[in-house]
Amino acid sequence: MKKGVKIAIIVGAIFLVIAFVGGYFFINDVVQKAKILEEFAKIEEITNSENFDMESFNNTTSTIVATGKYANVEKAAKKYASDLFNTVFRIKTLMEDEKMTKLLTAENYQNDGPEFVQTKKYLSETKQQLEENRQEMLSYLEETKINSYIEAETTDESSVNMYKEFVTQDIEISDTERKELENAMNKIVKMLEIAEEVIDFLITNNGKWKVQGGQILFNSNNLVVTYNGFLTKLRIL
């Protein structure tokens, strides 16, 4: 074989290897991104399900399927999703507490009145927990908070940019949507505050009301008007 032919073959082989390696990394890039997107799709399906499965959610967010720098992106994104959704879930759990729906009922007035020690304790603790979770949830919408998850995993610029592409843009909300979210949370806290006003009103007017036949009865029309005023404030929230 002539020398020139040998050189041509070697050069051709080198270019073939380069092309193969370049193709591999391109394909790997696509595959890894696809894996992450598939995992995000699973999370979305779980969180949007009417029969939410917390175990499946935790298993999905704690399992990393990508490799290399993509694993950092997946880990950061899943940790963010887990922290955000667990905060939302805590708020949901508080709001679905059956005890909350019975605070302003004749049954509770009779069982815990007229001092309402347990009711006052429950209201105070629930308000504090809701406020703490409200502030925490809103913080997850801040860009600094969002980016802190990937910054804790890596300083690689391409990974950070990929993370922002997957997470930051996906949860971006307008000022109007943010305001609506804040108003919804404020409404919940306000409901508890009015409920506390009702209980304080009943404590202050101890001896001027009683529970009879499953209803609360007052000994003056002025007290009835004031009490109904509280209930009206709750209805128009």
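F218 is buried, its relative accessible area being 16%, a value below the 20% limit for burial. This residue belongs to a predicted model, and its ring takes part in an aromatic pair with Y227. The two ring centres lie 5.2 Å apart and the planes meet at 50°, so the pair is tilted. Y227 is likewise counted as buried, with a relative accessibility of 6%.

**Aromatic residues**

A pair of aromatic rings is described by the distance of the centres and the angle of the planes. A search of the whole structure yields nine aromatic pairs. F218 and Y227 are also members of one aromatic cluster, which is formed together with Y109, F116, F201, W209 and F230.

**Overall arrangement**

The protein chain has 237 residues, of which 32% are buried. Its secondary structure comprises ten helices and two strands. Read from the N terminus, the order of elements is α-α-α-α-α-α-α-α-α-β-β-α. Of the contacts between residues at least 6 apart in sequence, 69% join residues at least 24 apart.

**Packing of helix α3**

Helix α3 spans residues 69-95 and packs with helix α7, residues 143-151. Helix α3 also packs with helix α6, which covers residues 117-139. The geometry of both packings is listed below.

| Helix pair | Angle | Axis separation | Crossing |
|---|---|---|---|
| α3 and α7 | about 140° | 8 Å | right-handed |
| α3 and α6 | about 155° | 10 Å | left-handed |

At an angle of about 140°, α3 and α7 are oblique to each other, because only angles over 145 degrees count as roughly antiparallel. On the α3 side, the contact is made by N72, V73, A76, K79, Y80 and D83, and on the α7 side by I146, Y149 and I150. Sorted by class, this contact contains six nonpolar residues, one polar residue and two charged residues.

The angle of about 155° between α3 and α6 exceeds the limit of 145 degrees, and the two helices are therefore roughly antiparallel to each other. Here α3 contributes L84, T87, V88, R90, I91, L94 and M95 to the contact, while α6 contributes T126, Q129, L130, N133, R134, E136 and M137. The classes in the contact of α3 with α6 are seven nonpolar, four polar and three charged residues.

Terms used. Residues numbered from 1 in each chain as written. Predicted model: local features only at pLDDT ≥ 70, side-chain atom pairs only at ≥ 80, totals over all residues. Heavy atoms only, no water. Axes fitted to C-alpha atoms, helices over the stretch in contact; angles between N-to-C directions. Helix = DSSP H or I, 4+ residues; strand = E, 2+ residues; numbered from the N terminus. Parallel < 35°, antiparallel > 145°, perpendicular 65-115°, else oblique. Left-handed = near helix turned anticlockwise from the far one by under 90°. Contact = heavy atoms within 4.5 Å. Nonpolar A, V, L, I, M, F, W, Y, C, P; charged D, E, K, R; others polar. Phe/Tyr/Trp six-rings, centres within 6.5 Å; stacked < 30°, edge-to-face > 60°. Buried < 20%, exposed > 50% of the residue type's maximum accessible area, 1.4 Å probe, protein only.
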